[in-house]
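Colleague: I would like a close look at a single part of this model, explained slowly enough for someone in their first year. Please take one site and follow it through step by step.

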Amino acid sequence: MSELLFDIHEPGQTPLPHAGDAIAVGIDLGTTNSVVAVAREGKPEVLRDEKGQALIPSVVAYGADGTVTVGAQARLQILDRPQDVISSVKRLMGRGLADVKRIAGQLPFTVDGDEQAGMVRIKIGGRSLTPVEISADILMAVKARAETVLGKTVKQAVVTVPAYFDDAARTATKDAARLAGLEVLRLVNEPTAAALAYGLDEGAEGLYAVYDLGGGTFDISLLRMEKGVFQVKATGGDAALGGDDFDHRVAERFLAERGFQTLTADAVSQVLVTARVAKECLTGREAGDWMLDLDGRLSHHALTRPELEAMIAPLIDRTIAIAKTVLADAGVTPEQVKGVVLVGGSTRIPLVRAKVAAFFGQPPLADINPDEVVAVGAALQAEALTRGSDTLLLDVTPLSLGLETMGGIVEKIIPRNSPIPTAMAQEFTTYQDGQAAMRIHVVQGEREMVDQCRSLARFDLMGIPPMAAGAARIRVTFTVDADGLLTVAALETTTGTEQQVSVKPSYGLTEDEMAEMLRASLAHAKDDMAARLLAEARVEANRSILAVGAALGVDADLLSPPERAQIDQAIARLDAACRETDRQAILDATQALEGETKAFAERRMDRGIRTALAGMSVESLEKVAEPVKPGA
Amino acid sequence: MNIQAQPEGLESCVVACWSCKGPASPRALFCSVCNAVQPPRAVDHFQRLGLLPGFEIDLAQLERHYFGLQRKLHPDRFAGRTGCEKLYSQQQATQLNEAYETLKDPMRRAVYLLKLAGRAADADPKGTVSDPALLMESMEAREALAEAETSAEAGAVLIRAEADIASGIADLAQAFAERRLDQAEKLVLRLKYLSRLAEEARAHKARLARSAGE
Ligand SMILES: Nc1ncnc2c1ncn2[C@@H]1O[C@H](COP(=O)(O)OP(=O)(O)OP(=O)(O)O)[C@@H](O)[C@H]1O
Ligand SMILES: [Mg+2]
Ligand SMILES: [Zn+2]
């Protein structure tokens, strides 16, 4: 291995500064149910209520008196006062008004039509709320559950999202967490989290498919699990396909059996509740009878499992078709898949299991609890991020990202299933003489035409110097971070004046709106922000102290005793500042230490260069420069 | 990607660590003194993944090195760190992903090798075919595909294309081994056309299968 430029050895644990005894949790923020878990020393624990319940129904009831109730209590109120209770809000995350109007007929909520632009609002309990705010209320309840069980405040979390969530929905989820007073350590894809929990538990190795059919979303991910590495090969899904859709089919049938009738939103809620009960019953039974009491009229409905199966089969077939594409994308045949892990409540349905088994040619693995496994994976990842770990998750982008070009055609910049983080650039040019601005329209999706893809952001690159058509070189760079979130930058490269615009697409919510919501929803939001800034200053100060300490360890002889004393003093002052809570004092002391060590740094560089000049140097430097354990 | 080439000379053997400000090797991933993660340097994909440049690579080794490096550099390892460390880790991981994706795929690896050799093997997959023999071959295959009326017929085109790709890759390996880069360039163009054909055949086959209700 002597030809290697560096040696590759396993890093040790990465102890993080100020990890203290703050604890980070994993949250599965589901369409139907949310779950929170924590991991300590690799041992995950699902956090349950006094009754032993892990699932927190993702249902919120808004009382006239301003009270907000979340979970099982809220769900009980759906039938009594449906106008105040909202469920399945995850289906609206990151959606624009147009999307919501399209599916509004099927939704048991009233969309606030007054709002022209920006994020949709829902009329509920006499208020008008965005899906982000409603999700934040759910997350606050989840956080409260965790704090009650753990007896500690919880400020950090790994939150899971459907793998197939687009950028807008991911951003909305992150915003909701922020609103709930939670710092999102990482957004992790639900099937990836499930694979982490499953793989670590079962010691699985090889190619696995995770089939996740929940209440509102379907995801399928193909992963390679090997020696602590969870590498996603390809992912696909439908962010609007799940158990809710099965409920709708059943509800439609029940309504048809009653004969035509215009229904209030309240009645729709009731029919959906009954339909869901019927659907779930038929998982264990062959047939059953249900009753609807709407607007003073009673009706009876018989349903058998084969009838239910006939209604939902086309939807399940859609999931299988998606699974097929995912395998094709990864260049894998069903026989190469070693195991299929089932996740999500809807995978309890016998027909789902049968169809999955038939497609993969093997019975799926269902020995894990499909409701809790995502939260468990998130908890393991939360611990990995805060305390260090030997496992590694390598995920991909679910959807292609591109730009609109002439004629409304999409130019793909980042193809789907690219490993993240990633950055890719493409050059464009102007098409008119003297064109001073360029409109940049960022879209996400697989279709060739812009209007069939999801629009994420539009912005203008201004100040392009006057040039002939085709002479300007505009370089557009797409960067996707480890959370799967996109940043776009555009730059005119032929001229010295570098104009750069960066856009973080976020659906509807501007920074100002966000700040406003933070103020409105959290009395202590300001304190929260201050605490975060203080923590950041401390982390930075700590890095600085450690770096100077390390430098002194090797090159202290470059300093005279008085110089050394000065530096030691600056370190001591910074150290002392860190113990206090005055952020500005920490920043100043950090700055002072940097200043105090300037001459020292120059001498160190001089020595380094002289050593290099001395010949033998390059080699010896190289040896010194071999990677050592990070953070050791 | 966006990294400026380092100027030749002294700076290429000593750079300043951004964190402790002392001398560091430009090849170091972490500062040998203060352990801070360093920004990615301008090295080629082979160097980045610790492989000898060439068309024939050990895929298991590629994987091992890629995983080993991601274990150390991935942003998940820097969740509680300073902004700078998070940024450099993201950049490092991004570069590793790009290098890995490029090298693991024989076609992309070949194009990249030709680029390293100063040949602009047209990276555009839609590039038009100018070689008359290839043009002929391409037209015939297209015709066969257009005439395919059952998924089995389209499947036959696909199997043919896949076999041609496999033998093309073997030829490519030989061309690189013998340093016949003109030949390699030709083969790359042919392979590009073949993989496009295979993709179309796959789509066509799926379409036919669907409409036949298979
Ligand atoms: N026994 C059962 N038979 C049929 N369906 C069931 C059964 N149990 C639960 N479900 C369905 O599973 C869905 C809820 O599953 P789960 O809790 O996994 O979803 P979620 O995580 O909230 O949603 P998502 O992951 O889509 O955001 C509901 O549609 C519910 O009706
Ligand atoms: Mg779920
Ligand atoms: Zn250093």
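Are B:C17 and B:C31 buried or exposed, and what do they hold on to?

Modeller: This is a predicted model, and in it both B:C17 and B:C31 are buried. The two cysteines are among the protein donors of the zinc ion (ligand 3), which are the SG atoms of B:C17, B:C20, B:C31 and B:C34, lying 2.2 to 2.5 Å from the ion. Seen from the zinc ion (ligand 3), the four donor atoms subtend angles of 106 to 112°, and because of these angles the arrangement is tetrahedral. Along the sequence, the donor residues follow the spacing C-x2-C-x10-C-x2-C. B:C17 sits in the loop between β1 (15-16) and β2 (23-24) of chain B, while B:C31 sits in the loop between β2 and α1 (45-48) of that chain, so the pair ties together parts that are 14 residues apart in sequence.

Further along chain B, helix α2 (residues 59-73) lies across β14 (218-226), β15 and β19 of chain A, and runs at about 110° to β19(A). These three strands belong to an open sheet of five strands in chain A, with the order β18-β13-β14-β15-β19 and mixed pairing. Its edge strands, each pairing on one side only, are β18 (339-343) and β19 (392-394) of chain A. Within the sheet, strand β15 (residues 229-238) of chain A runs parallel to β19(A) and is joined to it by three bridges, and A:Q231 stands opposite A:L394 in β19(A).

Definitions and conventions
Residues are numbered from 1 along each chain as its sequence is written. Chains are lettered from A and ligands numbered from 1 in the order in which they are written. This is a predicted model: local features need pLDDT of at least 70, side-chain atom pairs count only at pLDDT 80 or more; totals for chains, interfaces and linings use all residues. Side-chain values use heavy atoms; hydrogens and water are left out. Donors are N, O and S atoms within 2.8 Å of the metal (3.2 Å for Na, K and Ca); water is not among the atoms, so sites may look incomplete. Four donors count as tetrahedral if all angles lie between 85 and 135 degrees; four count as square planar and six as octahedral if opposite donors are over 155 degrees apart and all others between 65 and 115; anything else is irregular. Helices (H or I, at least four residues) and strands (E, at least two) are DSSP runs, numbered from the N terminus. Buried means under 20% relative accessible area, exposed over 50%, partly exposed in between (1.4 Å probe, protein chains only). Two strands pair if DSSP finds at least two bridges between them. Contact means heavy atoms within 4.5 Å. Axes are lines fitted to C-alpha atoms, for helices over the stretch in contact, and angles run from 0 to 180 degrees between N-to-C directions.
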